[in-house]
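Colleague: I am new to reading protein models, and I keep meeting words whose basis I do not know. Could you take me through this one?

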Amino acid sequence: MNQKSFCVHAHFYQPSREDPLTGEIPIEMGADPFDNWNEKIFAGCYGPNAEIGNFQKISFNLGPTLTRWMRVKKPQTLEKIVAADHENILRFGVGNAMAQPYHHTILPLATRREKLIQTAWGIADFERTFGRKPDGMWLPETAVDLETLDVLSECGIKFTILAPWQAEGIIPDPFQPYQVVTSGNRKITVFFYDSGLSSDISFNPGSTINADGFASKFVHPRFRNTDKPEMLMVASDGELYGHHQAFREKFLARLLDGALLNEGVEPSYPALWLSRNPIHQTINIRENTSWSCHHGVERWKGDCGCTPNASWKKPLRDAMHTIAGMIDQAFESYAGQFMLDPWEAVENYADVLLDKVSADEWLADKSNVALSIDQKMHLKSLFEAQVERHRMFTSCGWFFDDFDRIEPKNNVAYAAHAIWLAERAAEIDLYAEAINAFRPVVGGKSGLRGDDVFGTAFYRFRNRC
Ligand SMILES: [Zn+2]
């Protein structure tokens, strides 16, 4: 068996772009000549990578909000991606697709319940798409703490991938994965990617013009002359291959179909490696860290220096916590009258979210009393509000420098939708308190106000009726 293994992990993901009022993606000007960014990135990246067979040879995750779009708009491509995972199962006994928490939430900033719900929905989406249980889960922004790993392990996830600086101290052998003991004393395996090589692939286009050259000059020399099996991994956004950098899907195809093998290096992926190599060594991780902010997870809650003009980020996160608390209280007090454990029901709500059953059937099954038409309608709204209250934490809302961008404004619109749904169902006034929560949110560059965005979105829903 070959002792040198190389893995490319690609994180394929797009946030929700749908307008909550119409359920459709509005025309996005920057995506010209396509109607929206999903279409544009599909044409440059998802489609060509599927056509050329790359999904079979890499390790990858498809974000559920992207899968949802692909299921409707590009079903044949999604079928090809699923078939690639199945080919590997037939050939090696294990697949190469990984799951992802549903709404790309920064999990260390979430409560345990939010972590559980995001993980459960992500797993349900994976099962629906790939027809099997996931072995691995990619964490949004690789943001991690021990409670997040505990929830993953509790949900049956065996491994994840982190950046090397997320390990505590120097990794003794960077060519091996490690076990981490979680906050609940469970165990999970962590693969650490190679930061130098990953950064070459992502940010040095000159290094990836020629796959054979990359294999001989960059990959092969990294390995040591040892009898011990070695796993070298790179991780990047999947959109790199063909969208951020033109023609890199062809680079990837050649790299994994000949260039590496010529250097005596075998393409691999985490589940395959684990099926062949037992792991004994353990390591500690640095909690509240991520792959795209070197200040921990500050980028998604404050002013860390990663982006200028970030004074709006903390007030926005605080506002979202207030909204979440209001929605949860309205939900719990109403749904608690009809269900023994309303929160367990939210964990299982993916059945409705993924259109496996109708909301009516599902509610009848979960309730311990027969529901009136009104009660059903109210419960439906409150469960929908739960989805929106999770969607409003999509990490992209805090990633960039100004508040006046589609990503944070979408998150505020999802919050407004959640409040409107809960108001209607619980028949209480939540608007005044909710809009107050957004008052301190002011874009540092644009001056755009959070309460204006919230109010405008809220009245679009109210006026629809
Ligand atoms: Zn930062």
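Modeller: Happily! Let us start with pairing: two strands pair if DSSP finds at least two bridges between them. In this predicted model, one such bridge joins Phe6 to Pro267 in β8.

Colleague: What makes β1 and strand β8 a pair?

Modeller: Set the count against the cut-off. The two strands share 2 bridges, and at least two are needed, so they pair, in the parallel sense.

Colleague: Which strand pairs with β1 over 8 bridges?

Modeller: That is strand β7, residues 230-237, again in the parallel sense. Within β7, Asp237 stands opposite His11. On top of that, β1 pairs in the parallel sense with strand β2, residues 59-62, over 4 bridges. There, His9 has Ser59 as its bridge partner.

Colleague: Why is β1 described as mostly covered?

Modeller: The strand runs over residues 4-12, and 8 of its 9 residues are buried. Here, buried means under 20% relative accessible area.

Colleague: How do you know that Leu256 is buried?

Modeller: Leu256 has a relative accessible area of 4%. The limit is under 20%, so Leu256 counts as buried. This residue is found in helix α8, residues 248-262. Leaving aside neighbours within four places in sequence, Leu256 is in contact with Val8, Lys57, Ile58 and Pro267.

Colleague: Now the metal. Which residues are the protein donors of the zinc ion?

Modeller: Cys293, Cys304 and Cys306 each offer their SG atom, and His295 offers ND1. These atoms lie 2.0 to 2.4 Å from the zinc ion, and the cut-off for a donor here is within 2.8 Å. Along the sequence, the donor residues follow the spacing C-x1-H-x8-C-x1-C.

Colleague: What do Cys293 and Cys304 tie together?

Modeller: Both lie in the loop between α9 (270-276) and α10 (313-335), so the pair ties together parts that are 11 residues apart in sequence.

Colleague: Why is the arrangement around the zinc ion called tetrahedral?

Modeller: The 4 donor atoms subtend angles of 105 to 115 degrees. For four donors, the word requires all angles to lie between 85 and 135 degrees, so the arrangement is tetrahedral.

Colleague: And are Cys293 and Cys304 buried or exposed?

Modeller: Try the same test again. Cys293 has 2% relative accessibility and therefore counts as buried. Cys304 has a relative accessible area of 16%; the limit is under 20%, so Cys304 is buried too.

Notes: Residues are numbered from 1 along each chain as its sequence is written. This is a predicted model: local features need pLDDT of at least 70, side-chain atom pairs count only at pLDDT 80 or more; totals for chains, interfaces and linings use all residues. Side-chain values use heavy atoms; hydrogens and water are left out. Donors are N, O and S atoms within 2.8 Å of the metal (3.2 Å for Na, K and Ca); water is not among the atoms, so sites may look incomplete. Four donors count as tetrahedral if all angles lie between 85 and 135 degrees; four count as square planar and six as octahedral if opposite donors are over 155 degrees apart and all others between 65 and 115; anything else is irregular. Buried means under 20% relative accessible area, exposed over 50%, partly exposed in between (1.4 Å probe, protein chains only). Contact means heavy atoms within 4.5 Å.
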